[in-house]
Amino acid sequence: MNLLLLKQLAILSAFAGAVLGFVTVIPYISMISFLILILCLSAFVLAYLKQNDLIGLISIREGCIFGAVIGFVSFIAFSIIYTPISMLLGWLIPAYTQGFLRFFMTSFGSFIVMILLMILMAGISALFNGFAGLVTAWVYELISGIKKEADENNTVDFTIE
């Protein structure tokens with residue numbers, strides 16, 4: 001497993017999660033962006049990396065691991081951005097329906113419950129995105145017809161410019 005590539009994936013997925021955190025505040029597209037975040041963000045990130053030749057051949061196992069990392073990190077970044085904005089809008093605009101998070105800040109116990117819920121949802125996002133990364137790696141393997149062998153030192157091909 002390539003640790004440098006995992007760090008790059010974590011940074012890219014944190015950026016994508018933060019962008020989706022800003023976008024999810026908009027009421028009419030919030031459900032679509034949230035579903036993209038939970039279900040298939042890793043497919044988009046892996047396709048972007050593959051399109052720009054930042055990763056080479058990846059096995060199905062690596063696709064699953066990379067997808068899970070992308071899902072977990074992106075949801076944590078999403079929560080860090082979305083939660084304060086939603087709470088602020090809930091306090092400023094009483095009719096803001098997504099401002100339900102303001103009720104979690106009434107006590108320290110509510111704050112702990114909110115953090116635990118975010119970690120649980122990040123785990124669920126990692127699960128779904130791991131599957132999406134697995135399917136993405138399988139589709140690329142199917143399209144290219146080249147299967148990565150297990151004895152290639154378990155690394156991912158990429159170039160640093």
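The following paragraphs describe the helices of this predicted model and the way they pack against one another.

Helix α1 covers residues 3-23, and helix α3 covers residues 60-92. Their axes come within 7 Å and cross at roughly 35 degrees, and the crossing is right-handed. On the α1 side, the contact includes Leu-5, Leu-6, Leu-9, Phe-22 and several small residues, among them Ala-10, Ser-13, Ala-14, Gly-17, Ala-18 and Gly-21. On the α3 side, the residues met include Phe-66, Val-69, Ile-70, Val-73, Ala-77, Phe-78, Ile-81, Tyr-82 and Ile-85. Sorted by class, this contact of α1 with α3 holds 17 nonpolar residues, four polar residues and no charged ones.

Helix α2, residues 30-51, departs from a straight course. A straight helix of its 22 residues would reach 32 Å at 1.5 Å a residue, yet the end C-alpha atoms of α2 are only 27 Å apart. The helix also has a kink of about 80 degrees, centred on Cys-40. Buried positions in α2 include Ser-30 and Ser-33 as well as Leu-37, Ile-38, Leu-41, Ser-42, Val-45, Leu-46 and Leu-49. These buried residues pack against α1, α3 and α4, the last of which spans 108-144. After α2 comes Asp-53, which has a positive phi near 55 degrees.

Helix α3 can be examined in the same way. Its 33 residues should span 48 Å at 1.5 Å a residue, and because its end C-alpha atoms are 47 Å apart, the span agrees with that expectation. There is nevertheless a bend of about 25 degrees in α3 at Tyr-82, with Pro-84 following within four residues. Tyr-82 also belongs to the set of α3 residues that α1 meets.

Helix α3 further packs against α4. The two axes come within 6 Å and cross at roughly 145 degrees, again in a right-handed sense. By class, the contact of α3 with α4 comprises 15 nonpolar, ten polar and one charged residues.

One residue of α4 merits separate mention. Ile-119 lies in this helix, and it counts as partly exposed because its relative accessibility is 44%, which falls between the limits of 20% for buried and 50% for exposed residues. Ile-119 is separated from Ile-76 by 43 residues in sequence, while their C-alpha atoms are 7.5 Å apart in space.

Notes. Residues are numbered from 1 along each chain as its sequence is written. This is a predicted model: local features need pLDDT of at least 70, side-chain atom pairs count only at pLDDT 80 or more; totals for chains, interfaces and linings use all residues. Side-chain values use heavy atoms; hydrogens and water are left out. Axes are lines fitted to C-alpha atoms, for helices over the stretch in contact, and angles run from 0 to 180 degrees between N-to-C directions. Helices (H or I, at least four residues) and strands (E, at least two) are DSSP runs, numbered from the N terminus. A crossing is left-handed if the near helix is turned anticlockwise from the far one by less than a right angle, and right-handed if clockwise. Contact means heavy atoms within 4.5 Å. Ala, Val, Leu, Ile, Met, Phe, Trp, Tyr, Cys and Pro count as nonpolar, Asp, Glu, Lys and Arg as charged, and the others, Gly among them, as polar. The expected span of a helix is 1.5 Å times one less than its number of residues. The bend at a residue is the angle between axes fitted to the seven residues ending there and the seven starting there. Buried means under 20% relative accessible area, exposed over 50%, partly exposed in between (1.4 Å probe, protein chains only).
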